[in-house]
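Reader: I have a model open and some labels to check. Can we go through them one by one?

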Amino acid sequence: MIYLVSKFHCLMLGEKQIEILPNVKYKVSDTSDQNCIFLGYKNEAPVILNFVHPECVSNSVVHVREGMDDYFFLMPHYNTNNFYTNFKYSNKDIQLNLNEELVIYVGNEMVLSRAVEGIIFSHYEVIGDLCVIYFSGARDYVVILNGAEVCAADYYDEINVSESEIFFMCRKHDVLNHGRVYHIKDKKFDTYLVYLDDEELNLKDEFLACTFLDCLLNRNLKYCNELLDENIRQENENNILDIFDEFDDYYPIDENKILLFKKNTLAGICNFEISTHKISNIINL
């Protein structure tokens with residue numbers, strides 16, 4: 001079977017115009033030798049895809065063959081103007097380049113390269129040893145540096161500022177409704193996770209793999225460990241990080257088989273085995 005998944009809201013042009021919703025798996029029944037054009041509803045660059053000749057796909061398409069099935073993922077690339085600025089911080093030159101990626105150099109060292117969407121540079125401020133760089137957009141964005149260390153680089157939904165401290169609240173919109181707080185107080189940085197609702201979550205087996213990966217992405221390693229069967233539970237929960245290659249997004253192609261992505265490219269495939277409401281094994285395929 002052939003499946004199409006778009007990571008952005010778009011319109012497929014052809015004999016009929018078909019609205020494609022993000023992260024929905026569509027079964028492709030018409031595989032005639034013709035180019036399909038996909039236009040994003042925001043500022044995404046158009047994508048052209050031919051299901052008969054997948055070897056010709058652009059860097060906006062990730063083709064994954066798993067068993068007898070072919071998956072085509074449409075990845076967003078944005079038509080953005082390139083922005084560059086530089087300034088001094090801690091006696092070093094900060095170089096900032098922004099298009100569909102945000103790249104920051106401290107001196108000659110690249111400390112950040114992150115895909116971003118719909119943000120523009122606003123301003124920066126230095127607080128003690130910290131440099132806080134603000135970006136505005138539909139969701140505002142913040143980067144917090146401590147020298148060449150990136151303490152935070154994230155969209156945020158709320159900001160609270162007083163004389164001696166700043167709170168940034170970042171809603172993660174995941175299974176457990178995590179929130180990530182970045183906190184500056186008395187010129188010192190701290191970060192921690194919160195749960196944004198008080199409802200007790202009774203997890204069904206089909207949600208275990210996604211919940212585990214959401215916790216992993218948010219570095220809630222204690223909760224990750226609690227989802228593991230006692231036979232594979234880690235004495236040191238940080239060891240869980242060694243199980244996976246680095247990834248920043250995922251997509252479940254069935255209940256327990258997950259595709260992992262890093263910067264819009266395939267980073268791995270893993271299979272979760274579930275037993276007695278716990279994860280009993282994780283296999284990297």
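Reader: Which residue is the bridge partner of Phe261 in β23?
Author: Leu266 is the bridge partner of Phe261. Keep in mind that this model is predicted.

Reader: What makes β22 and β23 a pair?
Author: Pairing takes at least two bridges. β22 and β23 are joined by 6 bridges, so they pair. The two strands run antiparallel.

Reader: Why are β21 and β24 called edge strands?
Author: Each of them pairs on one side only. The sheet order is β21-β22-β23-β24. It is an open sheet of 4 strands with antiparallel pairing. From one strand to the next, the twist averages 30 degrees.

Reader: What holds such strands together in general?
Author: Strands of a sheet pair through backbone hydrogen bonds.

Reader: What makes a residue such as Phe212 a member of the largest nonpolar core?
Author: Members must be buried and nonpolar, joined through side-chain atoms within 4.5 Å. Phe212 belongs to this core of 23 residues, so it counts as buried, which means under 20% relative accessible area. Phe212, Leu213, Leu216, Phe244 and Phe272 touch the most other members.

Reader: Which elements give two or more residues to this core?
Author: They are α1 (205–217), α2 (221–226), β22 (257–262), β23 (265–275) and β24 (278–284). α1 gives the most, with 7 residues.

Reader: What is Phe212 in contact with, leaving aside neighbours within four places in sequence?
Author: Its contacts are Cys224, Leu227, Leu228, Ile240, Phe244, Phe272, Ile279 and Ile282.

Reader: How many residues are in the second core?
Author: That separate core has 20 residues, among them Leu96, Leu102, Ile104 and Ala153.

Key:
Residues numbered from 1 in each chain as written. Predicted model: local features only at pLDDT ≥ 70, side-chain atom pairs only at ≥ 80, totals over all residues. Heavy atoms only, no water. Buried < 20%, exposed > 50% of the residue type's maximum accessible area, 1.4 Å probe, protein only. Contact = heavy atoms within 4.5 Å. Axes fitted to C-alpha atoms, helices over the stretch in contact; angles between N-to-C directions.
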